[in-house]
Amino acid sequence: MVLVLVVGDLHIPHRIHDLPHKFKKLLAPGKISQVLCTGNVCDRETMEYLRSIVGGAEIQVVRGDYDELPGLPSSLTVTHSNNSLRIGLIHGHQSLPLGSLDALSAIARQMDVDFLVSGATHAVQAVEYDGRFFLNPGTATGAWTGAWNSSKPGFAVSSNEGVKAAGPHGDPIPSFALLDIQGTVVVTYVYQFIDGDVKVEKVEWRKPDGYGVDERVGAKTPITPGVGSVMPQSIPSPTPMSPQNAGW
C-alpha cells in the first residue's frame, strides 16, 4: 500500500496564515509516502512543511499561477505499480474553462496519464470521466479565490446537514486528499474541514485497461469506522459524512 497526500492552493501567507490545526494533526510525519502538490504554495516555509510530512524527502510540486518559487515545472507525471499507473499533476489554470472536465480530459490525453490531479478552482472534485480519473483536492487552507463559484455544478460537498458547497461565509472549504494506491486500484479519501470538524468520504477507482470496469468504478462511500472498508491504518478516521448520490 502506498499513501499519497494530494494538496494544493494553500496561498500562505498572502491569503491565509496556515492549514487548519486538525489537518496538521492528521498529517504527522511518518505516515505519508509521497506528496503531490498542485501549486500556489507561495512561500519556502510552507514548502518545507510539506517536505517534513515525508521526512524531508523531495515532494512533487507544480507551479501555480501565484507561485514565485524558482524551478517549479508546469506539469509532472508520476508512475506507480511498475509504470502501470500514470498520474499527471498540473495546477489547473491551463484548463479553459477552468475546471472543465472536457478540457482536463484533453490535457490527460496529451500527457498520456490514467489519473489527472489538478487544482485552481479551490473546490473538491473526484470523478471518473472518459475512462480516466480526475481529482481536484481543493484548497488545503480554505483560501479565497476570485474564481470561486459556490453554485458551480459538480463541485458541491456533502455534510451532515446535507449538500454544502461553501463555508458559513461563502468561502471555499479547506480540503485535501489521500490516495491509497494498490496496483491499478486507487482509493481516494477526501478530507474536509466543515463546521470545526474533519470529515471524510472515499471514492474507489480501478484503471479499466486489463481489469475491466466494474460497478465500483467511481463509487463514493461515506466512511463509517468499523463498518465496510477500513481507513488506512496510519491515518485516524475522522467524522463520516452523509451519503450523496452524485460524484464529487
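In the predicted model, Gly 88 is placed opposite Leu 116 of strand E6. The two strands concerned, E5 (residues 85–90) and E6 (residues 115–117), run in the parallel sense and are joined over three bridges. Both belong to an open sheet of five strands, in which the order is E4-E5-E6-E8-E7 and the pairing is mixed. Strand E4 (75–80) and strand E7 (124–129) occupy the edges of this sheet, and because each has a single partner strand, one side of each is left without a neighbour in the sheet. On average, and with direction ignored, neighbouring strands of the sheet are turned by 15° against each other.

Strand E8 (residues 132–137) contains Pro 137, a residue that is buried, its relative accessible area being 1%. Leaving aside residues up to four places away in sequence, Pro 137 touches Val 6, Val 7, Gly 8, Thr 38, Val 117, Ser 118, Val 124, Ser 175, Phe 176 and Ala 177. Between Pro 137 and Gln 192, which are 55 residues apart in sequence, the C-alpha to C-alpha separation is 9.6 Å.

Two cavities of 30 Å³ or more are present in the structure, and the second largest encloses about 40 Å³ of space. The lining of this second largest cavity is formed by Gly 92, Leu 98, Gly 99, Leu 104, Ser 118, Gly 119, Ala 120, Thr 121, Gln 125 and Asn 136, a set that divides into three nonpolar and seven polar residues, with no charged residue. Ser 118, one of these lining residues, is also among the residues touched by Pro 137.

Key
Residues numbered from 1 in each chain as written. Predicted model: local features only at pLDDT ≥ 70, side-chain atom pairs only at ≥ 80, totals over all residues. Heavy atoms only, no water. Pairing = 2+ DSSP bridges. Helix = DSSP H or I, 4+ residues; strand = E, 2+ residues; numbered from the N terminus. Axes fitted to C-alpha atoms, helices over the stretch in contact; angles between N-to-C directions. 1 Å grid on protein atoms, 1.4 Å probe; cavity = no way out; pocket = protein on both sides within 12 Å on 5 of 7 lines; lining within 4 Å. Points joined across faces, edges and corners; volume = space filled by probe spheres on them. Nonpolar A, V, L, I, M, F, W, Y, C, P; charged D, E, K, R; others polar. Buried < 20%, exposed > 50% of the residue type's maximum accessible area, 1.4 Å probe, protein only. Contact = heavy atoms within 4.5 Å.
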